[in-house]
Amino acid sequence: MRTLMTIMPAMRSAAILGTVLLGGASLAQASPVPVEFGIAGATPTLGVGYGQETDSVEANNASLLDVRFTTTFSAQNNPLSEVGQSWTFDLGTVDFRELHTGSGNAHKVTPNETDGLGLAWLLSFTDPWVADIHLSAHITANAGPIGDAPVDYGVYWTDTPVNFGTGGQFRIRLNDVSFADSHLGAQTQTATVTLLELPEAAPAGDLALAIPEPDSLALVGFALAGLMVSRRRKR
């Protein structure tokens, strides 16, 4: 009988301890684990149809479109923990500088200037995994006098969804830029990363879901202390 009376409190304490441990795990899982996003580099690739020509060439046999690109990117590191969260950063600038005054073709976009105008950005991710994402733009260049069309030169992008981990997904969106004249100044090319779906499991090496939170550890300590006191009283 004494043995049974000694075992029963110990079983109750063990049950309490198990409940605390399970509760600690639930508490740890209740808070989403932030997904770290890191981008170490962003490199533009330009088509062969861009360049700066002299006024005389521009007026007679223009073949290169004067659009100037500047890179202003700096390394990015940002955690996102909720679906819908995002951050935006600069890639560089786009400046349409085609001549808009002069004789002959000097104030026009000629048909020879509308080819070879590709533009792409290569984003080098370091988190949530190491990968290069290649983004290509759709370019519009309308032949004719500068300012005669709603858009003389435009850069348009398609949203790019990217899967990662198990069930995780984010989206990369670059802003469109367009010019209806050639002396309006540069526009900023930006990129926005938005978390669309959290992965089912934490990223490799992240033990946040496996480690009880501090409050849970305190409850575990109280349960163990209660178990020891119960045993001493029965002795």
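Contact here means heavy atoms within 4.5 Å. The model examined below is predicted.

**Exercise 1.** Determine where Gln189 lies, whether Gln189 is buried or exposed, and which side chain offers it a polar contact.

*Solution.* Begin with the secondary structure: Gln189 belongs to strand S14 (residues 187-197). Next, consider accessibility. A residue counts as buried under 20% relative accessible area; Gln189 has 1%, and is therefore buried. Then inspect the surroundings: leaving aside residues up to four places away in sequence, Gln189 touches Asp90, Leu91, Gly92, Thr93, Val94, Trp121, Val155, Trp157, Leu174, Asn175 and Val177. Finally, the side chain of Gln189 makes a polar contact with that of Trp157, at 3.2 Å.

**Exercise 2.** Identify the residues with the most contacts inside the largest nonpolar core, and the strand that supplies its largest share.

*Solution.* This core has 39 residues, and those with the most contacts inside it are Phe37, Leu91, Tyr153 and Ile172. Strand S4 (residues 86-96) supplies the largest share, five residues. Turning to Phe37, its contacts beyond four places in sequence include Trp87, Phe125, Phe164, Phe170, Val193 and Leu195.

**Exercise 3.** Describe how strand S7 is paired with S6, and which residues form its covered face.

*Solution.* First, the pairing: S6 (residues 119-127) and S7 run antiparallel and are joined by six bridges. Three residues separate the two strands, which form a hairpin. Within this pair, Ala120 stands opposite Ser136 in S7. Second, the faces: in a regular strand, side chains alternate between the two faces of the sheet. In S7 (residues 131-136), Ala131, Ile133 and Leu135 make up the covered face, whereas Asp132, His134 and Ser136 make up the uncovered one.

Technical notes: Residues are numbered from 1 along each chain as its sequence is written. This is a predicted model: local features need pLDDT of at least 70, side-chain atom pairs count only at pLDDT 80 or more; totals for chains, interfaces and linings use all residues. Side-chain values use heavy atoms; hydrogens and water are left out. Helices (H or I, at least four residues) and strands (E, at least two) are DSSP runs, numbered from the N terminus. Buried means under 20% relative accessible area, exposed over 50%, partly exposed in between (1.4 Å probe, protein chains only). A polar contact is a pair of N or O atoms within 3.5 Å; within protein, one must be able to donate a hydrogen and the other to accept it, and residues adjacent in sequence count only if both atoms are side-chain atoms. A nonpolar core is a set of buried Ala, Val, Leu, Ile, Met, Phe, Trp, Tyr and Cys residues joined through side-chain atoms within 4.5 Å. Two strands pair if DSSP finds at least two bridges between them.
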